[in-house]
Amino acid sequence: MEYRLLGRSGLKISTVTMGTMTFGGVGWAKATGDLGVPEAKRLVDLCLDAGVNLIDTADVYSGGVSEEIIGEIFGGKRKDGVLLATKARFPMGAGPNDAGSSRQHLIGACEASLRRMKTDVIDLYQLHEWDGQTPLEETMEALDTLVRQGKVRYIGCSNFSGWHIMKALGVSKEERRQRFVSQQIHYTLEARDAEYELLPITVDQGLGVLVWSPLAGGLLSGKHRRNQATPEGTRQFAGWTEPPIRDENRLWNIVDTLVSIAESRGVSAAQVALAWLIGRKTVTSVIIGGRTEAQFKDNLAAAELKLTADERKRLDDVSVPPLLYPYWHQRNEASDRLSKADLELIASHMK
């Protein structure tokens with residue numbers, strides 16, 4: 001297992017992170033899995049034995065049950081080197097202040113997560129989604145307070161747009177607050193939207209990148225194929241609608257390429273899709289999840305799979321996103337003055 005620095009911090013995390021949305025199975029999360037403590041513990045031990053050192057959850061996963069299961073697994077005594085990440089922002093009750101990124105909600109949510117996970121500190125505390133109604137000055141001050149109180153070690157964001165991130169970083173700098181060390185994003189061969197703004201920001205601002213749902217909700221696992229019925233037991237079979245598929249033919253072209261490479265290498269399509277992400281210089285870690293040991297063992301093997309330059313090119317070519325405005329204009333008229341951050345997107349369109 002390889003370990004990479006998380007953004008500009010000195011914290012090293014494994015290139016594979018364990019996701020825990022399948023723990024609990026309460027409410028909407030039941031579509032992803034309903035693992036109890038014994039089953040979840042076996043999977044946690046499997047990941048830790050493979051070298052994974054970061055476990056990611058969120059308070060909203062099964063209404064806090066996922067965090068409670070983590071607390072039961074470790075019993076208030078984490079193994080040395082094990083890092084816990086969680087997230088807050090979504091509703092955790094019916095009250096007017098039971099959601100959002102206000103000081104009121106974030107501090108209370110953090111303290112509740114600490115209790116559920118039976119821990120004194122959260123290693124990475126992330127804003128789970130943008131809150132356009134709370135001033136960023138208030139949000140960043142609340143996160144800064146949690147760090148200074150010793151309840152949180154590092155902070156990050158998830159599902160922010162480019163301007164949201166830059167505004168938050170600006171507030172942190174101006175007010176001398178803790179800054180984000182990472183962003184958790186959706187990024188796959190099927191959905192490379194992050195290359196427009198989020199990955200260039202990563203290069204320019206030194207942010208770590210954690211990728212959620214790196215197999216596009218299982219669509220890139222190789223189980224889903226062109227002109228075949230949705231397999232039973234998958235998220236799509238259970239009615240899962242993320243990510244949205246805007247071009248089905250493009251999706252199947254990507255899957256066909258994944259399967260072709262996988263068959264030639266004697267590995268699964270899922271491993272190839274994950275290896276493509278791990279090999280991207282902007283990606284720090286991919287978050288894997290599942291319900292069975294077989295799924296986790298297969299996904300964990302991607303950490304050791306190195307794709308050839310030709311294999312990467314085949315995957316790049318079949319999935320390359322179109323160059324939107326103003327990027328096509330910058331490619332045409334500003335190619336002599338582009339930065340490394342600019343080239344994160346534009347370089348692949350300059351050949």
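**Loops, helices and hollows in a predicted model**

Histidine 128 is found in the loop between β6 (122–127) and α4 (136–148). The model described here is a predicted one, and this histidine makes a handy starting point for a tour of it. With a relative accessibility of 8%, histidine 128 counts as buried, because the limit for that label is under 20%. Setting aside its neighbours within four places in sequence, histidine 128 is in contact with Ala58, Val60, Tyr61, Lys87, Ala88, Arg89, Phe90, Ser158 and Asn159.

One of those contacts, Asn159, deserves a visit of its own. Asparagine 159 sits in the loop between β7 and α5 (162–174), and a relative accessible area of 27% makes it partly exposed. Its backbone is worth a look too. Most residues other than glycine have a negative phi. Asparagine 159 nevertheless has a positive phi of about 65°, although it is not a glycine. Serine 62 also has a positive phi, near 55°, and is likewise a residue other than glycine. This serine is found in the loop between β4 and α2. At 2% relative accessibility, serine 62 counts as buried.

Glycine 63 lies in that loop between β4 and α2 as well. Is glycine 63 buried or exposed? At 52% relative accessibility, glycine 63 counts as exposed, because the cut-off for that label is over 50%. Between the C-alpha atoms of glycine 63 and isoleucine 245, which are 182 residues apart along the chain, the separation is 28 Å.

Another backbone feature appears further along the chain. Most peptide bonds are trans. The bond from tyrosine 325 to proline 326, however, is cis, with omega near 10°. Proline 326 has its place in the loop between α10 and α11 (327–333).

Two helices can be compared with simple arithmetic. Helix α1 (residues 37–49) has 13 residues, which should span 18 Å at 1.5 Å a residue, and its end C-alpha atoms are indeed 18 Å apart. Which residues of α1 are buried? They are Ala40, Leu43, Val44, Leu46, Cys47 and Leu48. A general rule helps in reading such a list: an α-helix has 3.6 residues a turn, so residues three or four places apart point the same way. The buried residues of α1 pack against β3 (16–19), β4 (54–56), α2 (65–74) and α9 (293–300). After α1 comes glycine 51, with a positive phi near 105°.

Helix α7 (residues 248–265) has 18 residues, and from its first C-alpha to its last it reaches 26 Å, close to the 26 Å expected at 1.5 Å a residue. Its buried residues are Arg250, Leu251, Trp252, Ile254, Val255, Thr257, Leu258, Val259, Ile261 and Ala262. Among the elements covering these buried residues are α8 (269–278) and α10 (309–319).

The cysteines come next. A disulfide is a covalent bond between the sulfur atoms of two cysteines. How many disulfides does a search of the whole structure find? The search finds 0. Cysteine 157 is in no disulfide, and the nearest cysteine sulfur, that of cysteine 110, is 17 Å away; this is too far because a disulfide needs the two sulfur atoms within 2.5 Å. Cysteine 157 lies in strand β7 (residues 152–158) and is buried, with a relative accessible area of 1%. Leaving out neighbours within four places in sequence, cysteine 157 is in contact with Gln126, Leu127, Ile165, Phe180, Ser182, Gln183 and Gln184. The C-alpha atoms of cysteine 157 and isoleucine 185 are separated by 8.8 Å, with these positions 28 residues apart along the chain. Cysteine 47, which appeared among the buried residues of α1, has a relative accessible area of 0%.

Finally, there is the empty space. Rolling a probe the size of a water molecule over the atoms shows where such space is left. The structure holds 1 cavity of 30 Å³ or more, and the largest cavity contains about 40 Å³ of space. Lining this cavity are Ser101, Leu127, Trp130, Asp131, Leu136, Thr139 and Phe160. Sorted by class, its lining has 4 nonpolar, 2 polar and 1 charged residues. The second largest pocket holds about 700 Å³. Of the 23 residues lining that pocket, Ala191, Arg192, Asp193, Ala194 and Arg246 are the closest to its centre. The pocket's lining divides into 11 nonpolar, 4 polar and 8 charged residues.

Terms used
Residues numbered from 1 in each chain as written. Predicted model: local features only at pLDDT ≥ 70, side-chain atom pairs only at ≥ 80, totals over all residues. Heavy atoms only, no water. 1 Å grid on protein atoms, 1.4 Å probe; cavity = no way out; pocket = protein on both sides within 12 Å on 5 of 7 lines; lining within 4 Å. Points joined across faces, edges and corners; volume = space filled by probe spheres on them. Nonpolar A, V, L, I, M, F, W, Y, C, P; charged D, E, K, R; others polar. Helix = DSSP H or I, 4+ residues; strand = E, 2+ residues; numbered from the N terminus. Expected span 1.5 Å × (residues − 1). Buried < 20%, exposed > 50% of the residue type's maximum accessible area, 1.4 Å probe, protein only. Contact = heavy atoms within 4.5 Å.
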